[in-house]
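I opened the model today to look up a few things about helices, the ligand, open and closed spaces, and odd backbone angles. These are my entries, in the order I made them.

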Amino acid sequence: MTAVVPGDRLADRSVRVLRDGQARSGAYVASPNFDTYRYAWLRDGAFCAHAMDLAGERASSAAFHRWVAGSVEAHRGLIEAAIAGVEAGKRLPPEAFPPARYTLDGALEEPEAGEEWPNFQVDGYGMWLWALAEHLGGAAPEPELARTVGLVARYLATTWRLRCYSCWEELDGGEHASTLGAVVAGLAAASTLLGDGAYAETADVVRASLTARFVVDGRFGRGPADPRLDGSLLWLAVPFGVLPAEHPLIGQTVAAARRDLAGPGGGIYRYLGDTYYGGGQWLLLTSSLAWHLARVGDREGAAAAQDWVRAQALANGDLPEQTTGHSQDPAMIEPWIERWGPVATPLLWSHAMYLIAEHELAR
Ligand code: BGC
């Protein structure tokens, strides 16, 4: 096993958790011990694959990318129909769009009676293209894969203006800065992978929409009519590349997130008012902050964020999704435990972000 940082036991454990959480199909399960998360999200998986690339586990990331391509191709008819419907100006129901999460076999999940769980979230498709381009590192995709990339890129270029659910699977206003950031990253990746400048031009249009409509008081807000901060804004520069990491709008956004979204010890909340499991501090967001800070040269800040994450690990090294010690709404912890069980642990995406940030610090 290749440790990202030699001697870092949590890095070793993280690689193990990602490897053990990868199904034979290549899909990464969101969490092996949390029944509700028995699916494979493109969002979580993209970061898991990238972490495995950085850890030198390229067979694992390659298997994931093959699985995504196969799952997308298995639903080509659905995706082509969604593109055609949107282009024809039709208002389509959420189930007319490809899902944010698939079963580990790449099938559509059977919705459970009484559980409304919105699956129309386009960000994961952008994140997948970003992670794939990182994986290929400048190499051209094989023709079959290029065809799948083209389909996903057309899907993003057609749907980015639609209202959809956020990375937190919530509608709010239906327009989310981090979702559009993922679209920018995906279209830019597709442009490189396919050598097609038209996708870079569309990425520029999405980028311009973000800077024109989502900026309040010199920083980004989570939605055009919602100036609140959101931990997912941390991804706008690193890795989505909406603007350079040193850009003042990004600097102000990150500074505001550190001021308003950091709980005791420095763990990052998703957003103020979050009540999911009480709305605690999320490990993957804290490592996202570390990733950004390490990229802009604030090694001390990055190391402190990673120290906080390390301190949340269980004795066996497993990382939870969030910690409830300083939650915003403690009365909401128990109702979620009763409904779905204890906080998802290990969460593969927490481990992935930890590895990615460690790698950035070690560069
Ligand atoms: C989060 C998503 C995540 C999913 C699986 C949800 O609770 O809001 O961002 O993709 O869990 O980890």
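**Entry 1: helix α2.** For a helix, I take the expected span as 1.5 Å times one less than its number of residues. The model is a predicted one, and I began with α2. How far apart are the end C-alpha atoms of helix α2? I find 18 Å for residues 42–54. The helix has 13 residues, which should span 18 Å at 1.5 Å a residue, so the two values agree.

Next I checked how covered α2 is. I count 12 of its 13 residues as buried. Among them are Leu42, Arg43, Asp44, Phe47, Cys48, His50 and Met52. Asp53 is on the buried list too. After the helix comes Gly56, and its phi is positive, near 80°.

**Entry 2: the ligand.** Which residues come nearest the ligand? I note Tyr37, Arg43, Asp44, Cys167 and Arg270, out of 13 residues around it. Two of these names, Arg43 and Asp44, I had already listed as buried in α2.

I then looked up polar atoms facing oxygen atoms of the ligand. Asp44 has a polar side-chain atom 2.6 Å from a ligand oxygen. For Arg43, a polar side-chain atom sits 3.2 Å from an oxygen of the ligand. For Arg270, an N or O atom of the side chain is 3.4 Å from a ligand oxygen.

Asp44 also turned up in a long-range check. Its C-alpha is 8.5 Å from that of Ala352, although the two residues are 308 apart along the chain. Ala352 belongs to helix α13. I score Ala352 as buried, because its relative accessible area is 0% and the cut-off is under 20%.

**Entry 3: helix α5.** I ran the same length check on α5, residues 123–136. Its 14 residues reach 20 Å from the first C-alpha to the last, close to the 20 Å expected. How many residues of α5 are buried? I get 11 of 14, a mostly covered helix. The buried ones include Tyr125, Met127, Trp128, Trp130 and His135.

**Entry 4: the largest pocket.** I put its volume at about 610 Å³. The lining holds 24 residues. Nearest the centre of the pocket are Arg101, Glu109, Pro111, Trp117 and Asn119. What is the make-up of the lining? I sort it into 13 nonpolar, two polar and nine charged residues.

**Entry 5: the cavity.** I find one cavity of 30 Å³ or more. It encloses about 80 Å³ of space. Its lining includes Ser166, Cys167, Trp168, His176, Arg222 and Asp230. I divide the lining into four nonpolar, four polar and three charged residues. Cys167 is familiar from the ligand entry, where it is one of the residues that come nearest.

Arg222, one of the residues of that lining, led me to Asp226. The side chains of Arg222 and Asp226 make a polar contact at 3.1 Å. Asp226 lies in the loop between β4 (219–220) and α9 (248–260). Is Asp226 buried or exposed? I call Asp226 buried, because its relative accessible area is 15%.

**Entry 6: backbone oddities.** Most residues other than glycine have a negative phi, and most peptide bonds are trans. I therefore searched for departures from both habits.

Glu169 has a positive phi, near 65°, and is not a glycine. I place Glu169 in the loop between α6 (143–159) and α7 (177–194). At 16% relative accessibility, Glu169 counts as buried.

Tyr277 is another non-glycine with a positive phi, about 50°. Tyr277 sits in the loop between β5 (268–269) and β6 (281–282). Its relative accessibility is 1%, so I count Tyr277 as buried.

Where are the cis peptide bonds? I logged one between Val238 and Pro239, with omega about 15°. Pro239 is in the loop between β4 and α9, where I had also placed Asp226. I logged another from Thr345 to Pro346, with omega near -5°. Pro346 falls in the loop between α12 (333–340) and α13 (348–362). Helix α13 is where I had found Ala352.

Terms used
Residues are numbered from 1 along each chain as its sequence is written. This is a predicted model: local features need pLDDT of at least 70, side-chain atom pairs count only at pLDDT 80 or more; totals for chains, interfaces and linings use all residues. Side-chain values use heavy atoms; hydrogens and water are left out. Helices (H or I, at least four residues) and strands (E, at least two) are DSSP runs, numbered from the N terminus. Buried means under 20% relative accessible area, exposed over 50%, partly exposed in between (1.4 Å probe, protein chains only). On a 1 Å grid over the protein atoms alone, a cavity is a set of points where a 1.4 Å probe fits but cannot get out, and a pocket is an open set with protein on both sides within 12 Å along at least five of seven lines; lining residues have an atom within 4 Å of a point. Grid points are joined across faces, edges and corners, and a volume is the space filled by probe spheres set on the points. Ala, Val, Leu, Ile, Met, Phe, Trp, Tyr, Cys and Pro count as nonpolar, Asp, Glu, Lys and Arg as charged, and the others, Gly among them, as polar. A residue is near a molecule or strand if one of its heavy atoms lies within 4 Å of it. A polar contact is a pair of N or O atoms within 3.5 Å; within protein, one must be able to donate a hydrogen and the other to accept it, and residues adjacent in sequence count only if both atoms are side-chain atoms.
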